[in-house]
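Subject: Structure handover

Hello,

Here is the structure I said I would pass on. My notes on what was found in it follow below.

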Amino acid sequence: MLLKDLTSIIEHEYVNGDQNAEISGIAYDSRRVKPGDLFVCIKGFKVDGHEFISQAIGQGAAAVIVEKEVEDAKVPLIKVKNSRRALALISAAFFGNPSSKFKLIGVTGTNGKTTTTYLIKTILEQGGSKVGLIGTNQNMIGDKVLPAERTTPESLELQQLFSDMVKEKIDYVVMEVSSHSLELNRVDGCNFEIGIFTNITQDHLDFHVTMENYLKAKTTLFKRCKKGIINVDDSSSEYILNNGTCEMITFGIDKEADIHAKDIEISEKGVKFDVDTPYGSKFIELGIPGRFSVYNALGSIGACLALGISLEQIQQGLKQAKGVPGRAQIVETGKDFTVLIDYAHTPDGLENILNTVNGFAKGRVVTLFGCGGDRDKTKRPIMGEIAGKLSDFCIITSDNPRTEDPLQILNHIEEGIKKTDCSYVVIENRFEAIKYALENAKKDDVIVLAGKGHETYQILKDRVIHFDEKEIVESILREAGNGE
């Protein structure tokens with residue numbers, strides 16, 4: 001592909017050098033540059049790609065995109081205002097705009113994104129379609145599972161993945177769209193057929209600073225998709241409905257909506273409810289417990305109806321849907337108590353799962369949780385207070401402390417839990433905390449391990465260790481059994 005074919009689709013301040021240079025690939029990491037690549041300089045949070053131009057050229061870069069003045073690079077140089085956006089647009093063009101060759105469904109919101117994508121995938125596959133999935137847990141091309149490094153991949157990897165999906169003749173792709181990806185232009189150049197808004201609660205303020213900025217970032221999806229499926233029960237929906245530019249379809253429980261749930265039954269086995277839609281009404285069964293599961297189902301119903309899927313296919317797909325690993329996941333223990341793993345790592349997420357558990361728990365609700373280091377500190381006491389109010393006993397422990405002092409994080413959480421009358425212990429080592437919870441469990445207790453969910457690792461100050469909570473629970477119980 002010629003350089004001029006790529007530069008013609010992006011806004012640029014100037015171009016120096018031969019526009020007929022042949023471009024054989026794209027890179028934004030100088031260590032991955034191959035001869036003939038176009039190197040895009042990204043100014044990151046820790047590293048500035050402009051500092052590695054010489055290295056990239058030394059490895060054979062045929063041209064360079066920059067967003068600030070640099071010395072003569074001795075290769076064609078293109079200066080732009082936003083190199084992240086440029087990377088996204090030229091990546092889409094380089095791979096032949098793959099998202100225009102299938103129907104793309106994007107799901108954004110603080111909570112519920114992962115489960116909603118899996119529900120939609122199941123419904124669409126129920127009708128015989130081949131579906132790709134991109135998200136927090138994993139990426140999938142049909143049944144083929146690929147690892148996921150972040151909720152939404154960087155634009156270059158995203159377009160490469162889309163291209164691979166086109167080669168596999170995928171009909172639909174359903175993906176989680178994070179606020180980071182919207183703010184950092186990762187999904188620029190994507191052709192969204194459907195956008196879904198689940199909800200918005202406090203999260204990522206270390207990045208967005210204010211809730212207003214966070215909401216604005218989420219809203220950009222609804223200026224890019226053709227149809228928006230909006231949770232009208234969420235207070236932020238009004239802003240999206242007023243500022244989005246797509247056709248809007250609403251769903252909800254408490255307020256009047258296009259897709260409306262009523263006569264809801266919630267148990268430890270799942271949810272049942274009647275749904276009214278412009279296309280008729282149906283009785284829905286979903287084997288995932290919690291009021292939030294009703295919302296996830298409603299968003300999925302709205303999206304699939306907007307895609308032309310029948311209510312009968314939607315009903316059957318939801319009935320067959322299985323839970324997502326790390327989301328309200330019950331670990332089989334063979335004991336007289338229950339262990340439940342959930343990814344809840346935000347105030348709203350923790351409140352949702354604990355309200356769900358309180359709805360069916362016969363004994364104590366025991367909550368084990370922490371908060372991530374190098375992330376929004378303001379939510380820590382809030383989560384402590386929520387856990388204290390909704391639990392009979394709490395175990396405060398580490399999540400992913402990263403570079404922060406774990407004890408400082410725990411102190412922040414304690415500030416909140418001390419506002420309640422809930423008994424608690426502090427055990428910094430998460431393995432030891434889980435062991436304590438299991439060894440002290442009583443009949444009919446529900447032990448909620450919150451925060452890690454599907455993650456199989458823990459990020460400590462100087463290393464990343466393997467940490468799979470399902471494996472750990474099973475191992476501790478097995479050891480205890482051998483010791484009896």
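Which residues does T456 touch, not counting residues up to four places away in sequence? They are I465, H466, F467 and D468. Before going further, please note that this is a predicted model. T456 sits in the loop between strand 22 and strand 23, the latter covering 457–459. With a relative accessible area of 34%, T456 is partly exposed, because that class lies between the limit for buried, under 20%, and the limit for exposed, over 50%. T456 can also be paired with K470, which is 14 residues away along the chain; their C-alpha atoms are separated by 9.1 Å.

The chain start

M1 belongs to the segment before helix 1, which spans 3–7. Its relative accessibility is 32%, so M1 counts as partly exposed. When neighbours within four places in sequence are left aside, the contacts of M1 are L6, A21, E22, I23, A93 and F94. N20 is 19 residues from M1 in sequence, and the C-alpha to C-alpha distance between M1 and N20 is 9.0 Å.

Two residues with positive phi

N97 is not a glycine, yet it has a positive phi of about 45°. N97 lies in the loop between helix 3 (83–94) and strand 6 (103–108). The relative accessible area of N97 is 36%, which means that it is partly exposed.

D444 is another residue other than glycine with a positive value, its phi being near 70°. The loop that holds D444 runs between helix 15 (430–439) and strand 22 (446–450). D444 has a relative accessible area of 31% and is therefore partly exposed.

Cysteines

How many disulfides does a search of the whole structure find? The number is zero. C304 is in no disulfide, and the nearest cysteine sulfur, which belongs to C225, is 15 Å away. A disulfide would need the two sulfur atoms within 2.5 Å, so a separation of 15 Å does not qualify. C304 has 0% relative accessibility and so counts as buried. C41 has 0% relative accessibility and so counts as buried as well.

Helix 4 and helix 10

C304 also appears in a helix contact. Helix 4 covers residues 113–126 and helix 10 covers residues 291–306; they pack at an angle of about 45°, with axes 9 Å apart. Helix 4 and helix 10 are therefore oblique to each other. The crossing in which helix 4 passes helix 10 is right-handed. On the helix 4 side the contact is made by T115, T116, L119, I120, I123 and L124, and on the helix 10 side by N296, A297, S300, A303 and C304. Sorted by type, the residues of this contact are seven nonpolar, four polar and no charged.

Helix 12, helix 13 and helix 14

Helix 13 takes part in two of the packings described here, with helix 12 and with helix 14.

How are helix 12 and helix 13 placed, roughly parallel or oblique to each other? Helix 12 (residues 347–358) and helix 13 (residues 379–390) pack at about 5°, and their axes are 9 Å apart. They are therefore roughly parallel to each other, since angles under 35 degrees are classed that way. From helix 12, the residues P347, L350, E351, L354, N355 and N358 meet K379, I382, M383, I386, A387 and L390 of helix 13. This contact of helix 12 with helix 13 holds eight nonpolar, two polar and two charged residues.

Helix 14 spans residues 406–417 and packs against helix 13 at an angle of about 50°, with the axes 6 Å apart. That angle makes helix 13 oblique to helix 14. Helix 13 passes helix 14 in a crossing that is right-handed. Here R380, P381, G384, E385 and G388 of helix 13 meet I409, H412, I413, E415, G416 and I417 of helix 14. The contact of helix 13 with helix 14 divides into four nonpolar, four polar and three charged residues.

Regards

Note on methods
Residues numbered from 1 in each chain as written. Predicted model: local features only at pLDDT ≥ 70, side-chain atom pairs only at ≥ 80, totals over all residues. Heavy atoms only, no water. Buried < 20%, exposed > 50% of the residue type's maximum accessible area, 1.4 Å probe, protein only. Axes fitted to C-alpha atoms, helices over the stretch in contact; angles between N-to-C directions. Helix = DSSP H or I, 4+ residues; strand = E, 2+ residues; numbered from the N terminus. Parallel < 35°, antiparallel > 145°, perpendicular 65-115°, else oblique. Left-handed = near helix turned anticlockwise from the far one by under 90°. Contact = heavy atoms within 4.5 Å. Nonpolar A, V, L, I, M, F, W, Y, C, P; charged D, E, K, R; others polar.
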